[in-house]
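Work through the exercises below with the sequence and the model open. Each task is followed by a solution in steps.

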Amino acid sequence: AWLAAMVAAQAFGLLAKENAAVLPGILLLFDLAWPERATWRARAPAYAALALPFALWLYLRSQVQTHMLIHFLENPLVSAGFLTARLTAVKVTGKLLCLFVWPGRLSADYSYNAIPLFGWRPFQWEDAKALIALAVCVGAALLALRLRHRRKPLFFFLAFFFVALLPTANLVKLIGSIMAERFAYLPSLGLAGCAVVALHMLVRRRTAWIAMALVCVGLAARTYARNLDWRDEMGFWSSTVNASPGSARPHNNLGNALLPRPSRLPDAIAEFEAALRIWPDYTDAHYNLGNALAQVPGRGPDAIAEYQRALRLEPDFAQAHINLGNLLAQIPGRGSDAVAQLEAAVRTDPDLADAHYNLGTILAQIPGRGSDAAAQFQAALRIQPGSAKAHNNLGSVLSHMPGRQAEAVAEYQEALRLQPNYARAHYNLGNILSQMPGRQSEAIAEYRAALRIQPDYADAHNNLANVFLQMTGRMADAIAEYQAALRFQPDLAEAHANLGSALAQMPGRMAEAITEYEAALRITPDPEVRRRLDRLLAGKR
């Protein structure tokens with residue numbers, strides 16, 4: 001029964017977390033510490049039984065053909081020479097030992113460059129740490145051997161620490177991370193055992209209980225204080241930056257936490273820049289800095305430069321292509337460059353709905369590219385059928401294509417089915433219905449629906465007035481809507497001109513009409529409005 005339980009524990013452990021592979025080593029340590037408990041012949045079945053879960057594990061590993069991908073950011077030891085990497089790994093072991101003694105500066109991230117590589121630099125404290133840690137580890141190993149027969153528990157627990165740490169220590173084989181506090185969870189059992197044995201040996205039992213109680217209270221207080229760091233994302237990454245100021249990723253992640261807060265935008269930029277000072281080739285930091293700079297008036301060129309740096313480092317970064325394309329689209333004369341970036345995003349990730357949607361949005365603004373824009377919106381909808389924005393924009397493109405008005409109406413209606421309070425879709429549907437014979441009442445209903453959702457929608461007021469102007473007996477309603485449009489948007493030249501045309505048709509309001517035409521011309525010079533004004537002035541004379 002015990003053998004079966006041990007085999008099950010080993011199997012479940014290996015399939016859950018591969019550092020469970022240390023179990024045979026721990027058993028061997030126990031048998032070396034207390035060899036008198038059984039003969040090696042009696043122990044042999046236990047070791048043989050453990051071979052079964054290992055065989056299963058190796059078989060499963062061979063079937064999935066996994067390969068460990070080690071990123072430089074996570075473990076910079078991959079770029080170091082053999083000796084440099086191992087001495088740096090020993091320094092990490094020393095840091096874990098210090099954290100066990102007192103976990104004063106805990107960090108969730110030890111990526112590049114939280115732990116600088118060993119470099120044989122004279123009088124450098126970082127290099128001295130590695131040599132001190134090496135001396136401590138060698139001394140502990142020698143002490144364990146010396147105590148093997150006289151102090152068997154100390155030998156066992158000291159050796160337990162090193163055996164349990166070995167799979168994650170980057171000494172035998174480099175792994176995915178240079179350091180993580182979780183790597184010390186299992187090895188810490190050995191250190192805790194050493195502490196208990198030492199207390200039992202060095203002090204009287206009552207004093208040992210008092211000492212252990214004080215240690216527990218101190219560690220409990222530290223745990224409580226550490227829990228406060230996990231209350232929210234900003235607090236979490238702020239504490240990580242304080243604990244590992246030399247690590248690039250915490251600065252980048254703190255910047256991301258600050259970015260949604262407009263008042264903290266300068267702080268977010270400073271964090272991204274700090275990350276890039278530590279690691280200039282940090283793709284995500286360049287991209288995030290571009291996102292931040294794009295929100296600062298006048299910093300568009302700097303944002304473009306950051307996106308371009310991110311893409312030089314990672315040409316297949318689809319979201320960087322999208323954001324760069326969106327930014328270029330806002331610059332007069334850069335439409336073709338914007339299209340090129342979004343086309344690159346689509347090539348990189350054809351299943352990225354945002355890339356298709358944004359490319360369609362830009363193409364829709366380019367004369368003669370309506371069918372291409374429609375194709376992109378349709379591609380976006382194949383990926384994300386529930387996108388009301390894509391249905392609305394597809395409707396807008398179709399509405400300008402001969403013979404496609406009915407399809408446009410269907411797209412707007414689908415957008416409104418998905419999102420009934422979509423004011424823009426109501427407005428667009430009203431626009432196309434107003435151009436279709438016999439559907440003016442439906443157009444009016446759509447404009448009014450848009451205005452219930454967004455009462456200050458000046459264009460909707462203006463276009464609703466245009467419909468009223470075409471209907472007998474609705475002149476007063478038309479004038480009221482034009483005036484409402486101008487209350488919300490006084491510089492809407494079209495509303496001034498339309499109001500002028502309406503007033504010109506009413507007896508005794510010619511002066512007001514002239515005023516509205518003049519206001520429209522001050523905002524936007526328009527030959528047609530000028531002709532209307534001149535006709536009015538000529539008639540007045």
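**Exercise 1: Cysteines**

A search of the whole structure finds zero disulfides, a disulfide being a pair of cysteine sulfur atoms within 2.5 Å. The model is predicted: local features need pLDDT of at least 70, side-chain atom pairs count only at pLDDT 80 or more, and totals for chains, interfaces and linings use all residues. Residues are numbered from 1 along each chain as its sequence is written, and side-chain values use heavy atoms, with hydrogens and water left out.

Task: find the cysteine sulfur nearest to that of Cys-194, and state why the sulfur of Cys-216 has no bond to the closest cysteine sulfur.

Solution.
- Step 1. Cys-194 is in no disulfide, and the nearest cysteine sulfur belongs to Cys-137, 13 Å away.
- Step 2. For Cys-216 the closest cysteine sulfur is in Cys-194, at 17 Å, which is too far for a bond.
- Step 3. Cys-194 has a relative accessible area of 11% and is therefore buried (under 20%; exposed is over 50%, partly exposed in between; 1.4 Å probe, protein chains only). Cys-216, at 51%, is exposed.

**Exercise 2: Salt bridges**

Task: determine which parts of the chain the pair Arg-249 and Glu-74 ties together.

Solution.
- Step 1. Apply the rule: a side-chain nitrogen of Lys or Arg within 4 Å of a carboxyl oxygen of Asp or Glu. The count comes to 22 salt bridges.
- Step 2. Arg-249 and Glu-74 meet the rule with an N to O distance of 2.4 Å.
- Step 3. Arg-249 is in helix α10 (residues 248–258) and Glu-74 in the loop between α3 (40–64) and α4, so the pair links parts 175 residues apart in sequence. Helices are DSSP runs (H or I, at least four residues), numbered from the N terminus.
- Step 4. Arg-249 is buried at 19% relative accessibility, whereas Glu-74 is partly exposed at 26%.
- Step 5. Set against this the pair Lys-129 and Glu-126, with 3.2 Å from N to O. Both residues lie in helix α5, three residues apart, about one turn of the helix. Lys-129 is partly exposed at 30%, and Glu-126 is partly exposed at 25%.
- Step 6. Asp-372 and Arg-369 also form a salt bridge, at 2.6 Å. Shared partners join Glu-74, Asp-109 and Arg-249 into one network.

**Exercise 3: An enclosed helix**

Task: decide whether helix α16 (residues 353–363) is largely enclosed or open, and name elements that cover its buried residues.

Solution.
- Step 1. Nine of the eleven residues of α16 are buried, so the helix is largely enclosed by the rest of the structure.
- Step 2. The buried residues include His-356, Tyr-357, Asn-358 and Leu-359.
- Step 3. Their cover includes α14 (318–329), α15 (335–348), α17 (370–383) and α18 (388–399), with contact meaning heavy atoms within 4.5 Å.

**Exercise 4: A surface patch**

Task: identify which element gives the largest share of the nonpolar patch that contains Phe-82.

Solution.
- Step 1. Phe-82, Leu-83, Trp-120, Leu-131, Leu-134, Val-138, Leu-142 and Leu-145 form the patch, with about 850 Å² of accessible area together (Shrake-Rupley method, 1.4 Å probe). Patch residues have over 30% relative accessible area and no salt bridge; nonpolar side chains are joined within 5 Å, like charges within 9 Å.
- Step 2. Two or more residues come from each of α4 (82–101) and α5 (125–146).
- Step 3. The largest share, five residues, comes from α5.
- Step 4. Phe-82 lies in α4 and is exposed, at 61%.
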